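Please look through the sequence and the model below before reading on. The paragraphs that follow go through the structure one part at a time.

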Amino acid sequence: MKRFNSINKVIWAASAVWLLAAPFAVVAQEIMPLYPGAIPNAKASDLQETGATTGVLKGITKPTLEYYKPNPAKASGTAVVIIPGGGYGVVVYQGEGINIAKAFAEKGVAAFILKYRLPSDAIMPDKKIGPLQDAQQAIKLVRENAEKWGVDKSRIGVIGFSAGGHLASTVATHFEKSYIENSQNTSLRPDFQMLVYPVISMQDSLTHGGSHDNLLGKNPSRADVELFSNELQVRANTPPTYLTHAADDKLVDVDNSIVYFEKLRHLKVPVEMHIYPKGDHGFIFRHPGWMDPLFAWMKQNNWIKE
């Protein structure tokens, strides 16, 4: 009997070690409509969403949030809303959404991919605010349901890529005005922002032409250009920021990140920047270790456990 019990203990211990060593399976837990009721700033359209097979989406009229549960062994209570790029003309949902969500979830961060409406006169009365409405709603939805997802309401950040970086920096600098229904006065301010080869400015000297034209049109007013040039919207309460870019980016000039960094630094907003000498636009697909310094920054700020 003693030998039998001893064998059982060995088997149980070995099983426990195996369970601890088993990789965490990262899968989407839920895809939810972004708005519980009517979608704001929308008009009837026969536009159809495409790109599900390629992971590059167009024609989005029904924005969603896709949830990836964090690794329970590493869960820190931190959440991140992920905003893929695509020049405000497409959404690179697979490469800058799903792949990123899985990496965050593995690190113990609750990840929410935003499938946002692209600015279009065909589906919106005011196309320039449509993406911002969706980004604000994403922050609001995560914050109001924080308890359900085991998230700390004061640990909700945003990450954006390219034009998604413009949208992330917009939601991080325009949070004092609500562009959505917000009767509970939920804070729309992200607690931190991470911007990857971001479009920051709409000014001709810095902007990415395609993002500029898709969001504001070819001949926007000076007021709209300045409103959506986020280097001009930085304030002392702008969230702590992580920036990364490639110096040889031929699509979105690295000066977007540099100018933003300088504005943040001068206003004493905590900011860290990593510039790769080479990699061009979309370098995340060529630099497999690009998230290591980002995770180090998050660890230093106690947003992840390791």
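How do the residues of the lining of the largest cavity divide into nonpolar, polar and charged? The model is a predicted one, and its cavity is a suitable place to start. The count comes to one cavity of 30 Å³ or more, and the space in the largest cavity is about 30 Å³. Its lining is made up of Tyr88, Lys128, Pro131, Leu132, His166, Leu167, Thr170, Leu215 and Phe228. These residues divide into six nonpolar, two polar and one charged, which answers the opening question. Two elements, H3 and H5, give two or more residues to this lining. The largest share, three residues, comes from H5.

The next step is to see how these two helices are placed. Helix H3 covers residues 130-144 and helix H5 covers residues 163-171. They pack at an angle of about 65 degrees, and their axes are 9 Å apart. The crossing of H3 with H5 is right-handed. On the H3 side, the residues that meet H5 are Pro131, Leu132, Ala135, Gln136 and Ile139. On the H5 side, the residues are Leu167, Thr170 and Val171. The contact holds six nonpolar residues, two polar ones and no charged ones. Pro131 and Leu132 in H3, together with Leu167 and Thr170 in H5, belong to this contact and also line the largest cavity.

From the helices we turn to the sheet. Eight strands form an open sheet with mixed pairing, in the order E1-E3-E6-E4-E7-E8-E9-E10. Why is one side of E1 and of E10 left without a neighbour in the sheet? Strand E1 (28-33) and strand E10 (271-276) stand at the edges and each has a single partner strand, so one side of each has no neighbour there. On average, neighbouring strands of the sheet are turned by 15 degrees against each other, direction ignored.

At the E10 edge, strand E9 (residues 241-246) pairs with E10 in the parallel sense over six bridges. Leu243 has Met273 in E10 as its bridge partner. Helix H8 (residues 255-266) packs on the sheet and touches E8, E9 and E10. The direction of H8 makes about 160 degrees with that of E10. Another helix, H2 (residues 94-106), lies across E3, E4, E6, E7 and E8. H2 runs at about 165 degrees to E4.

The last feature is a pocket. The largest pocket has a volume of about 170 Å³. Its lining consists of Thr173, His174, Phe175, Glu176, Lys177, Tyr179, Leu227, Gln233, Arg235, Asn237 and Thr238. Of these residues, three are nonpolar, five are polar and three are charged. The lining of the largest cavity, by contrast, has six nonpolar, two polar and one charged.

Conventions: Residues are numbered from 1 along each chain as its sequence is written. This is a predicted model: local features need pLDDT of at least 70, side-chain atom pairs count only at pLDDT 80 or more; totals for chains, interfaces and linings use all residues. Side-chain values use heavy atoms; hydrogens and water are left out. Axes are lines fitted to C-alpha atoms, for helices over the stretch in contact, and angles run from 0 to 180 degrees between N-to-C directions. Helices (H or I, at least four residues) and strands (E, at least two) are DSSP runs, numbered from the N terminus. A crossing is left-handed if the near helix is turned anticlockwise from the far one by less than a right angle, and right-handed if clockwise. Contact means heavy atoms within 4.5 Å. Ala, Val, Leu, Ile, Met, Phe, Trp, Tyr, Cys and Pro count as nonpolar, Asp, Glu, Lys and Arg as charged, and the others, Gly among them, as polar. On a 1 Å grid over the protein atoms alone, a cavity is a set of points where a 1.4 Å probe fits but cannot get out, and a pocket is an open set with protein on both sides within 12 Å along at least five of seven lines; lining residues have an atom within 4 Å of a point. Grid points are joined across faces, edges and corners, and a volume is the space filled by probe spheres set on the points. Two strands pair if DSSP finds at least two bridges between them.
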